[in-house]
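Thanks for sharing this one with me. Here are my notes, written point by point so that you can follow along with the model open beside you.

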Amino acid sequence: MTQTMTRTVPALPKLSIPASPTGKPPLRRVTVRIPKAIRHRTAAVVLPVIPIAAFIALWHLLTAHNVVAWLRFNRMPTPMSVLEALLARVSTGTYYDDLLASLQRILLGFGLAAVIGIGLGTLVGRSGVARMALRPFIELVRPIPAIALVPLTILLFPSNEQGIVFITFFAALFPVLVSTIHAMDSLPKVWEEAARTMGAGRVSLLFQVVLPGAWPGIFAGLSVAMGVAWICVVSAEMISGQFGIGYYTWQSYGLLDYAGVVVGMISIGALGLTTAWLVERVGRRVNHWLPRATR
């Protein structure tokens with residue numbers, strides 16, 4: 001006969017949940033998850049404000065206490081005086097005339113530089129004969145500062161307006177031209193070979209393979225060209241202009257209106273930010289096939 005071995009297992013103690021002082025069951029902790037889209041939009045609004053607010057606070061402290069530590073902030077206008085000058089300036093019609101004049105010069109000069117730079121860069125990048133003929137001349141002229149052409153533009157062009165537009169065009173041309181050439185050189189050869197295998201002609205190859213593949217590099221040059229164009233158009237307006245935001249800034253300095261000088265600088269920055277944003281938006285629309293373009 002076999003004996004059955006039995007083992008007694010001790011019972012587990014019962015867990016008791018302490019009741020709340022009011023006699024009601026305790027409340028559960030609820031975690032609220034903020035949607036990712038709302039967090040992204042909030043960060044896009046808040047994060048750019050932080051460095052601007054920090055800069056203004058530091059500017060206020062340095063000018064309010066007349067700090068002189070190699071840099072002489074005792075001569076700088078305070079943020080409040082600049083705000084007062086800006087409010088007084090925006091209430092006049094001449095302020096908007098200056099903004100419109102500078103913006104018109106930028107758009108005209110930059111537009112010409114974009115069209116000619118992309119066309120010429122494509123020609124040099126695609127043709128060996130054009131590269132041998134034009135590349136040395138491009139590299140010879142490219143280092144010349146656009147602002148150094150102001151005396152020549154005064155002699156060549158019948159009006160200062162045309163000379164300023166030419167200087168803007170000259171400054172923006174070479175970033176677009178060089179970036180287009182490099183974008184053409186960096187295209188994978190397998191793209192063209194695959195397109196030719198599928199029966200693509202020279203025209204369809206250019207507009208359906210070459211240019212779409214080169215647009216990211218071209219728009220990088222366009223972004224750089226926009227910033228360079230603003231630097232040169234403001235400098236040209238200071239030297240030979242009769243109106244424009246650069247002319248206003250220089251006139252304010254001549255009148256010892258330092259708050260007006262800062263107002264001019266802020267206006268230039270705002271216009272530059274707007275035009276750079278437009279170039280970036282157009283670039284994302286054109287390069288919609290890129291993974292980062294959908295972000």
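1. Let's start with Phe169, which is buried in this predicted model. Its relative accessible area is 15%, and buried means under 20%, so Phe169 falls on the buried side of the cut-off.

2. Now look at Phe166, a residue of helix H6. Is Phe166 buried, exposed or partly exposed? Its relative accessibility is 27%, so Phe166 counts as partly exposed. Phe157 has 25% relative accessibility and therefore also counts as partly exposed.

3. Next, the rings. A pair of aromatic rings is described by the distance of the centres and the angle of the planes. The structure holds eight aromatic pairs. In one of them, Phe157 and Phe166 have ring centres 5.3 Å apart and planes at 40°, so this pair is tilted. For Phe166 and Phe169 the centres are 6.2 Å apart and the planes meet at 45°, so that pair is tilted as well. Why tilted? Planes under 30 degrees apart would count as stacked and over 60 as edge-to-face, and the rest count as tilted.

4. Phe166 and Phe169 both sit in helix H6. They are three residues apart, which is about one turn of the helix. Ring pairs also build a cluster here, made of Phe157, Phe166, Phe169, Phe170 and Phe174.

5. What does Phe166 touch, leaving aside residues up to four places away in sequence? The answer is Leu149, Thr153 and Phe157. You can also check the spacing to Val150: the C-alpha atoms of Phe166 and Val150 are separated by 9.5 Å, and the two residues are 16 apart along the chain.

6. On to empty space. Rolling a probe the size of a water molecule over the atoms shows where empty space is left. How many cavities of 30 Å³ or more does a search of the whole structure find? The search finds one, and this cavity holds about 40 Å³ of space. Helix H5 (150–156) and H6 each give two or more residues to its lining, with H6 providing the largest share, four residues. Among the lining residues are Thr153, Ile154, Gly163 and Ser240. By class, the lining has three nonpolar, five polar and no charged residues.

7. The largest pocket has a volume of about 530 Å³. It is lined by 17 residues, and those closest to its centre are Phe55, Trp59, Met76, Val262 and Met265. Helix H1 (36–64) and helix H10 (258–286) each supply at least two lining residues, and H1 gives the most, with six. The lining of this pocket has 15 nonpolar, no polar and two charged residues.

8. Finally, the second largest pocket contains about 310 Å³ of space. Of its 15 lining residues, Arg126, Glu192, Arg196, Arg202 and Leu205 lie nearest the centre. Which helices each supply at least two residues of this lining? They are helix H3 (93–126), helix H6 (160–185), helix H7 (189–197) and helix H8 (202–240). This lining has six nonpolar, three polar and six charged residues. Try setting it beside the lining of the largest pocket, with its 15 nonpolar and two charged residues.

Key: Residues numbered from 1 in each chain as written. Predicted model: local features only at pLDDT ≥ 70, side-chain atom pairs only at ≥ 80, totals over all residues. Heavy atoms only, no water. 1 Å grid on protein atoms, 1.4 Å probe; cavity = no way out; pocket = protein on both sides within 12 Å on 5 of 7 lines; lining within 4 Å. Points joined across faces, edges and corners; volume = space filled by probe spheres on them. Nonpolar A, V, L, I, M, F, W, Y, C, P; charged D, E, K, R; others polar. Phe/Tyr/Trp six-rings, centres within 6.5 Å; stacked < 30°, edge-to-face > 60°. Buried < 20%, exposed > 50% of the residue type's maximum accessible area, 1.4 Å probe, protein only. Contact = heavy atoms within 4.5 Å.
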